[in-house]
Amino acid sequence: MNNIKTVIVLATLVFSSLLTMSCSSDDDNQDPIVGTWLQVSELDERFLNDVPDGTFNQVVDANNFIRVTFNADGTFTELYSESFILNGQEVVETEAYSGTYTISGSTLTCIEEGYPDDPYIREFTLNGDTLTLVFTEGYTDQNNDVRRYVTTETYSRQ
């Protein structure tokens with residue numbers, strides 16, 4: 001009778017080990033960006049003909065933030081909150097977005113539902129529980145001056 005109990009216990013341990021290894025390998029294949037991220041800072045920089053032309057730190061607090069969740073199935077949801085003063089009163093507006101995302105090297109591309117022709121493309125770095133997204137846009141104005149804007153958003157894993 002002890003031999004049967006020993007076999008059952010060993011079989012259970014082997015099965016549990018295999019199950020744990022299977023789950024671990026699924027996690028290993030998961031994008032490291034998967035999870036919920038809360039914005040902790042945003043820096044906007046302006047350049048005129050490649051010369052710095054001003055910086056602005058956006059307010060990030062309990063009423064002004066972005067929280068985004070990247071899911072393992074390639075979808076995302078984002079909550080955007082912004083406050084402003086209107087007629088002497090603080091107004092907080094929130095909007096929720098969802099869509100799909102892809103990662104190619106260090107480029108994150110998000111496509112919001114309903115806007116397939118307007119992808120959100122950012123360069124990203126991931127350092128532990130800190131996600132940094134950088135967006136650069138530029139144009140040449142009517143005076144042939146080259147204007148460039150760089151926005152750097154930093155997020156913390158929740």
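Y101 is buried in this predicted model, with a relative accessible area of 5%. Its place is strand β5, which covers residues 89-104. The ring of Y101 has a partner, F70, and together the two form an edge-to-face aromatic pair. Their centres are 5.0 Å apart, and their planes make an angle of 70°. The angle is why the pair is called edge-to-face: planes over 60 degrees apart get that name. F70 is buried too, at a relative accessible area of 3%. If you trace the chain from F70 in strand β3 (residues 65-70) to Y101, you travel 31 residues, so you can see this pair as a link between distant parts of the chain.

A search of the whole structure finds 2 aromatic pairs. Besides the pair of F70 and Y101, there is one made by Y139 and Y149, and this one is stacked. Here the centres are 6.3 Å apart and the planes differ by 25°. Y139 belongs to strand β8 and Y149 to strand β9, so the pair ties together parts that are 10 residues apart in sequence. How buried or exposed are these two tyrosines? Y139 has 43% relative accessibility and counts as partly exposed, and Y149 is partly exposed as well, with a relative accessible area of 28%.

Now step back and look at the whole chain. The protein has 1 helix and 9 strands. Reading along the sequence, you meet the helix and then the strands, in the pattern α-β-β-β-β-β-β-β-β-β. Of the 158 residues, 23% count as buried. The protein exposes about 10,800 Å², and 52% of that area comes from carbon and sulfur atoms. What share of the contacts between residues at least 6 apart in sequence join residues at least 24 apart? The share is 44%.

Charged side chains come next. How many salt bridges does the structure hold? There are 3. One of them joins D50 and R148, with 3.5 Å from N to O. D50 sits in the loop between β1 (35-48) and β2 (51-57), while R148 is in strand β9 (residues 146-157), 98 residues apart from D50. D50 is exposed, at a relative accessible area of 59%, whereas R148 counts as partly exposed at 27%. R148 also has a ring to meet: its charged end sits over the ring of F47, 4.2 Å from the ring centre.

Another salt bridge brings together the side chains of D129 and R157, at 3.3 Å from N to O. Again the pair links distant parts of the chain, with D129 in the loop between β7 (120-127) and β8 (130-140) and R157 in strand β9, 28 residues apart. Both ends are partly exposed: D129 has a relative accessible area of 47%, and R157 has 26%.

The salt bridge between D141 and R147 has its closest N and O atoms 2.9 Å apart. Is D141 buried or exposed? D141 counts as buried, with 13% relative accessibility. R147, on the other hand, counts as partly exposed at 22%. The cut-off helps here: buried means under 20%, so D141 and R147 fall on opposite sides of it.

R147 also turns up among the contacts of D53, a residue of strand β2. Leaving aside neighbours within four places in sequence, D53 is in contact with R46, F47, L48 and R147. D53 is partly exposed, with a relative accessible area of 35%. You can compare its position with that of Y149 from the stacked pair: the C-alpha atoms of D53 and Y149 are separated by 9.7 Å, although the two residues are 96 apart along the chain.

Finally, find E78 in strand β4, which runs over residues 75-86. E78 is buried yet has no salt bridge. Why does R122, its nearest side chain of opposite charge, not form one with E78? R122 is 8.1 Å away, and a salt bridge needs the nitrogen within 4 Å of a carboxyl oxygen, so the pair does not qualify. Beyond residues up to four places away in sequence, E78 touches I66, R67, V68, E95, A96 and Y97. R122 itself lies over the face of Y120, at 3.6 Å from the ring centre.

Note on methods: Residues are numbered from 1 along each chain as its sequence is written. This is a predicted model: local features need pLDDT of at least 70, side-chain atom pairs count only at pLDDT 80 or more; totals for chains, interfaces and linings use all residues. Side-chain values use heavy atoms; hydrogens and water are left out. Helices (H or I, at least four residues) and strands (E, at least two) are DSSP runs, numbered from the N terminus. Buried means under 20% relative accessible area, exposed over 50%, partly exposed in between (1.4 Å probe, protein chains only). Contact means heavy atoms within 4.5 Å. Accessible areas come from the Shrake-Rupley method with a 1.4 Å probe; for residues, only the protein chains shown count as cover. Rings of Phe, Tyr and Trp (its six-membered ring) pair if their centres lie within 6.5 Å; planes under 30 degrees apart count as stacked, over 60 as edge-to-face and the rest as tilted. A charge sits over a ring if NZ of Lys or CZ of Arg is within 6 Å of the ring centre and within 35 degrees of the ring normal. Lys and Arg count as positive and Asp and Glu as negative; His and the chain ends are not counted.
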